[in-house]
Amino acid sequence: MDIDADTLRTIWLAEDGGGVDIIDQTRLPFEYSVVRLETMLEAAHAIADMLVRGAPLIGATAAYGIALAMREDTSDAHLDSAYRALLDARPTAVNLRWALDDMRALLRPLPTTKRLAAAYVRAREICEEDIAICSAIGDHGLEIIEAIWEKKDRQGPVNILTHCNAGWLATVKWGTATAPIYKAHQAGIPVHVWVDETRPRNQGAGLTAWELGRHNVPHTLIVDNAGGHVMQHGMVDLCIVGTDRTTRSGDVCNKIGTYLKALAARDNEVPFYVALPSPTIDWTISDGVRDIPIERRDSAEVTHVIGRDPQGAVVQVRITPDATDGANYAFDVTPAHLVSGLITEKGVSEASAQGLQALFPGRGGS
Ligand code: MRU
């Protein structure tokens, strides 16, 4: 399927002009199912229950969540309570706060009679901006892949390892980490992707593998612990991952296990790049390990695995003794010094305060 297709996106205004359609990602890869969000609370639940996930898509859904809230009641009180309910849906991806701040700053000064229409217009713009941003990330990341391809004397595929799903399913379209991969694939550069399964929710196995397969990008699934092994054996030319929150100094918070991949990459001199749209930068903080809130989800995600039985029913199977509990940290922080570069819509920067300030002048603070 052509990644450029207009219809290929994760969120869109429903034909009735009021509701918002999303892909229920909890059903993938087994079932492609579209769900209509009619209320702000449905949008908040879709984020919290991970029907939509991935930092940019969480932000886009929250923006439409505010529009849905304005359909219910355009008062200040409702705007504020919608802001709070949506913000509480998930803690780590800063795009959520970014989108909500953007929407509230726009709507608050407007008369209540103008808020509904303005909210829909801005939510749509946020989605379109995300598409443009991710496409630009793809163009900048493509240059990195091209350089590696040249360095390999155009021999064999460029082998890229990615973790979690930072693909088009995590954004409105294109993805962040996958945008350079899709652009390289379209440009005729042979690529092969090592897909980390990404326990416990298996975003790699279920989502990244699904979308790469739909676009005919060669890929191989590996268990999370195999990354170091394939790097040691020269089977990885480059790692590209996404991020849920990047500090102004370039620390990167992403799906649990990203840090271990960065350590293995450093030990094996494999370039480790992080692809991100600028709304993922939290300019208010500098120390990612100290200051980024790490989501903890239900321990049952760790003590059980989920799959489908031959009849197609979703089954959850326990893999531990009954008395064993699990700790489910959903994200970790990779310090800036382990990151080879940040691929943004403005270009590629060093993962540092200076690097980010050079790309986004005036944003960095101290
Ligand atoms: O828990 P998830 O599935 O929302 O986590 C998603 C990730 O960690 C992605 O890598 C990140 O949001 C970047 S998405 C372009």
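**Exercise 1. In which loop is the place of S299?**

Solution. In this predicted model, begin with the helices on either side: the place of S299 is in the loop between α10, which covers 288–291, and α11, which covers 300–303. Next, look for partners beyond the sequence neighbourhood; when residues up to four places away in sequence are not counted, S299 touches D325, G326 and N328. Finally, compare S299 with V35, from which it is 264 residues apart in sequence and 27 Å apart in space, taken from C-alpha to C-alpha.

**Exercise 2. Describe how helices α2 and α5 are arranged, and state which residues make their contact.**

Solution. Two packed helices are described by the angle between their axes and the distance between the axes. Here, the axes of α2 (residues 55–72) and α5 (residues 112–151) come within 8 Å and cross at roughly 170 degrees. Because angles over 145 degrees count as roughly antiparallel, α2 is roughly antiparallel to α5. The α2 side of the contact consists of P56, A60, A63, Y64, A67, L68, M70 and R71, while α5 contributes R115, L116, A119, Y120, A123, R124, I126, C127 and D130. Sorted by class, the contact of α2 with α5 has 13 nonpolar residues and 4 charged residues, with no polar ones.

**Exercise 3. Identify the residues that come nearest to the ligand, and then list polar atom pairs between protein and ligand.**

Solution. Around the ligand there are 19 residues, of which A55, R90, Q203, N254 and K255 come nearest. For K255, an N or O atom in the side chain is 2.7 Å from an oxygen atom of the ligand. A polar side-chain atom of D244 lies 2.9 Å from a ligand oxygen atom, whereas in G54 the atom that lies 2.9 Å from an oxygen atom of the ligand is a backbone N or O. As a last step, consider the cover: on its own the ligand has 410 Å² of accessible area, and the protein covers 100% of it.

**Exercise 4. Locate the cis peptide bonds that precede P29 and P200, and the positive phi of W174.**

Solution. Take P29 to start with: a cis peptide bond with omega of about 5 degrees joins L28 to P29, and P29 is found in the loop between β2 (20–23) and β3 (34–37). Turning to P200, the peptide bond that leads there from R199 is cis, with omega near 5 degrees, and P200 lies in the loop between β5 (191–196) and α7 (203–214). For W174, a residue other than glycine, phi has a positive value near 75 degrees, and the place of W174 is in the loop between β4 (158–162) and α6 (178–186).

How values were computed. Residues numbered from 1 in each chain as written. Predicted model: local features only at pLDDT ≥ 70, side-chain atom pairs only at ≥ 80, totals over all residues. Heavy atoms only, no water. Axes fitted to C-alpha atoms, helices over the stretch in contact; angles between N-to-C directions. Helix = DSSP H or I, 4+ residues; strand = E, 2+ residues; numbered from the N terminus. Parallel < 35°, antiparallel > 145°, perpendicular 65-115°, else oblique. Contact = heavy atoms within 4.5 Å. Nonpolar A, V, L, I, M, F, W, Y, C, P; charged D, E, K, R; others polar. Near = heavy atom within 4 Å. Polar contact = N/O pair within 3.5 Å; in protein donor to acceptor, adjacent residues only side chain to side chain. Areas by Shrake-Rupley, 256 points an atom, 1.4 Å probe, with all protein chains shown as cover.
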